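Subject: Handing over the structure

Hello,

Here is the structure I promised to pass on. Please open it and keep it beside this email while you read.

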Amino acid sequence: MAKKSKDEILHDHNNDGIDRRGFLKCMAWAGTGALCVMEGGILKSYSLSRVGEISAKEMAGELSFVQISDSHMGFNKPANPDVAGTLKSAVEKINGLSRAPEFMLHTGDISHLSKPEEFDTVDQILKSASAKDVFFVPGEHDVLNDDGKSYLERYGKNAKGGGWYSFDKKGVHFMGLVNVMNLKAGGLGTLGHEQLEWIEDDVQHLKHSTPIVVFAHIPLWSVYPEWGWGTEDSAQALAYLKKFGSVTVLNGHIHQTMQKVEGNVTFHTAASTAFPQPQPGKADSPGPMKVPAEQLKSVLGITNVNYVQGRQALGVVDSTLA
Amino acid sequence: MIRKTVWLFGLFATVMVLTLLLSAGSPASSATPPQAASAEVKVDNFSFGPATLTVAVGTTVTWTNRDDIPHTVVSTDKVFKSKVLDTDEKFSFTFAKAGTYPYFCSIHPKMTGSVVVQ
């Protein structure tokens with residue numbers, strides 16, 4: 001894929017620089033390693049094998065950060081016997097970005113078995129990333145023992161309740177949510193009453209023009225309930241965010257990139273840095289999917305996010321580790 | 001002489017009959033006690049197999065994780081709870097009381113099963 005093309009805005013309904021058809025057309029390429037950059041109201045698409053080929057000017061926004069997910073440190077089965085190695089590749093990818101991200105989000109399943117040495121290893125590897133600040137939310141693999149106490153001791157110092165928190169960067173409001181605790185038999189991810197009340201309270205006094213970024217492990221939309229790929233009470237959370245002009249939801253858990261746009265909300269899941277999982281319904285179960293060794297890096301990845309002030313929607317770009 | 005023989009024979013026969021009667025009434029009490037029943041549940045492909053297991057009171061059920069992902073076995077009514085089971089790890093529980101015991105994997109809550117104890 002070496003062609004370049006330009007998708008001009010034809011119908012800018014929301015006055016936010018995004019034409020839905022052009023956006024969706026561009027996003028459809030994301031799985032094959034395409035880069036869509038929104039700049040000056042025009043959606044540009046480039047074929048992509050290495051993110052570093054895109055110039056810093058083209059990548060520039062006012063805020064730039066990276067999302068990684070599902071490092072599963074400690075996993076050692078055939079789908080990937082070296083998850084530390086592939087996490088290091090992800091860090092190399094991040095360090096190769098022409099514009100260094102200001103910080104990183106890790107959307108959970110940091111460890112595979114919630115073991116201290118697994119968390120230690122991830123922390124160690126991430127130390128060599130260009131972005132020094134990392135914000136975590138837990139995956140179900142991070143809270144296996146002691147109801148997540150050891151996770152919270154490590155990563156939840158400024159957090160509320162079960163580990164949720166918010167912070168602001170350059171006018172963008174970030175909310176880290178926890179939907180992997182107190183899971184009920186037969187159920188999906190769950191936010192819980194206490195966290196929902198906190199969400200309502202947290203955004204109450206924000207201006208409607210404030211871009212919101214929500215990050216949590218299990219998808220906050222119904223990707224595939226049969227496999228537990230959804231959150232039972234996310235509709236309530238999203239209702240509290242309805243007034244905002246731009247909401248970006250970043251999730252992990254499903255080990256593949258997926259995107260959905262619903263009004264002002266863009267939902268996005270990141271690839272894992274450890275192993276892929278099958279597409280919804282394409283296998284008996286959502287377990288680790290084995291691919292030929294030489295293809296592994298092409299099904300793992302990172303997500304680069306750019307925000308340009310004045311443009312409400314954030315530019316979300318996936319790239320593989322290949 | 002014959003009377004003595006008849007008397008001895010009668011005694012012998014009585015003893016034999018009594019022995020037979022006594023031994024018929026009691027079980028093989030000198031044999032080892034019967035082995036407690038055991039049953040298996042295989043955990044694989046994000047499912048419990050069999051999903052519903054019916055066993056007798058006193059049975060020890062052993063779950064073995066054959067999946068390449070860790071799972072847990074947690075009773076919905078808090079009767080039993082395994083630690084995290086990685087591949088090939090096991091968890092056993094002996095069901096002393098009759099009843100229905102639904103359970104699930106607390107990591108992947110869509111995985112559910114049940115043990116029916118009769």
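Below is what I found, going from the model as a whole to chain A, then chain B, then the contact.

**How far to trust it**

This is a predicted model. The predictor gives the complex an ipTM of 0.78 and a pTM of 0.80. Chain B has a mean pLDDT of 85. In that chain, 71% of the residues reach 70 or more. Look at residues 25–30 of chain B, where pLDDT stays under 50. For this stretch the model has 0 contacts beyond four places in sequence. Where pLDDT is low, the predicted coordinates should not be read in detail.

**Chain A: the overall picture**

Chain A has 322 residues, and 50% of them count as buried. Its secondary structure comprises 7 helices and 14 strands. Now take the contacts in chain A between residues at least 6 apart in sequence. Of these, 69% join residues at least 24 apart.

**Chain A: the cores**

The largest nonpolar core holds 82 residues. Which of them touch the most other members? They are A:Ile94, A:Leu177, A:Val213, A:Val214, A:Phe215, A:Ala216 and A:Val249. Helix α3 of chain A, residues 83–95, gives this core its largest share, with 6 residues. Another core lies apart from it and has 5 residues. Among them are A:Trp227, A:Trp229, A:Ile254 and A:Met258.

Go back to A:Leu177 and look at what surrounds it. Leave out residues up to four places away in sequence. A:Leu177 then touches A:Val137, A:Trp164, A:Leu191, A:Gln195, A:Val214 and A:Ala216. Two of these names, A:Val214 and A:Ala216, also appear in the list of core residues above.

**Chain A: a sheet with a helix on it**

Next, find the open sheet of 5 strands in chain A. Its order is β6-β5-β4-β13-β14, and the pairing is mixed. The edge strands are β6 (133–136) and β14 (315–320) of chain A, and each pairs on one side only. From one strand to the next, the twist averages 25°.

Inside this sheet, follow strands β4 (residues 63–68) and β13 (residues 301–307) of chain A. They pair in the antiparallel sense over 5 bridges. As an example, A:Leu63 has A:Tyr307 in β13(A) as its bridge partner. Helix α3(A) packs on the sheet and touches β4, β13 and β14 of chain A. The direction of α3(A) makes about 30° with that of β13(A).

**Chain A: one residue to check yourself**

Is A:Val265 buried or exposed? A:Val265 is buried, because 20 other C-beta atoms lie within 10 Å and 20 is enough to count as buried. A:Val265 sits in strand β12 of chain A, residues 265–269. Not counting residues up to four places away in sequence, A:Val265 touches A:Leu238, A:Val247 and A:Val249. For a long view, pick A:Asp120, which is 145 residues from A:Val265 along the chain. The C-alpha atoms of these two residues are separated by 35 Å.

**Chain B: its sheet**

Chain B has an open sheet of 4 strands, in the order β2-β1-β4-β6. Here too the pairing is mixed. At the edges are β2 (47–49) and β6 (90–94) of chain B, each pairing on one side only. Neighbouring strands of this sheet are turned by 20° against each other on average, direction ignored.

Strand β1 of chain B, residues 38–44, is a good one to trace. On one hand, β1(B) pairs with β2(B) in the antiparallel sense over 3 bridges. B:Val43 has B:Phe48 in β2(B) as its bridge partner. B:Asp44 stands opposite B:Ser47 in β2(B). The two strands, β1(B) and β2(B), form a hairpin with 2 residues between them. In the turn, B:Asn45 has a positive phi of about 50°.

On the other hand, β1(B) runs parallel to strand β4 of chain B, residues 60–65, and 6 bridges join them. In β4(B), B:Trp63 stands opposite B:Val41.

**Where the chains meet**

How many residues does the contact take from each chain? It takes 17 residues from chain B and 16 residues from chain A. On the side of chain B that touches chain A, 8 residues are nonpolar, 5 polar and 4 charged.

Best wishes

Technical notes:
Residues numbered from 1 in each chain as written. Chains lettered and ligands numbered in written order. Predicted model: local features only at pLDDT ≥ 70, side-chain atom pairs only at ≥ 80, totals over all residues. Core = buried A, V, L, I, M, F, W, Y, C linked by C-beta atoms within 7 Å. Buried ≥ 20, exposed ≤ 12 C-beta atoms within 10 Å, placed from the backbone. Contact = placed C-beta atoms within 7 Å. pLDDT = per-residue confidence, 0-100. Pairing = 2+ DSSP bridges. Axes fitted to C-alpha atoms, helices over the stretch in contact; angles between N-to-C directions. Nonpolar A, V, L, I, M, F, W, Y, C, P; charged D, E, K, R; others polar.
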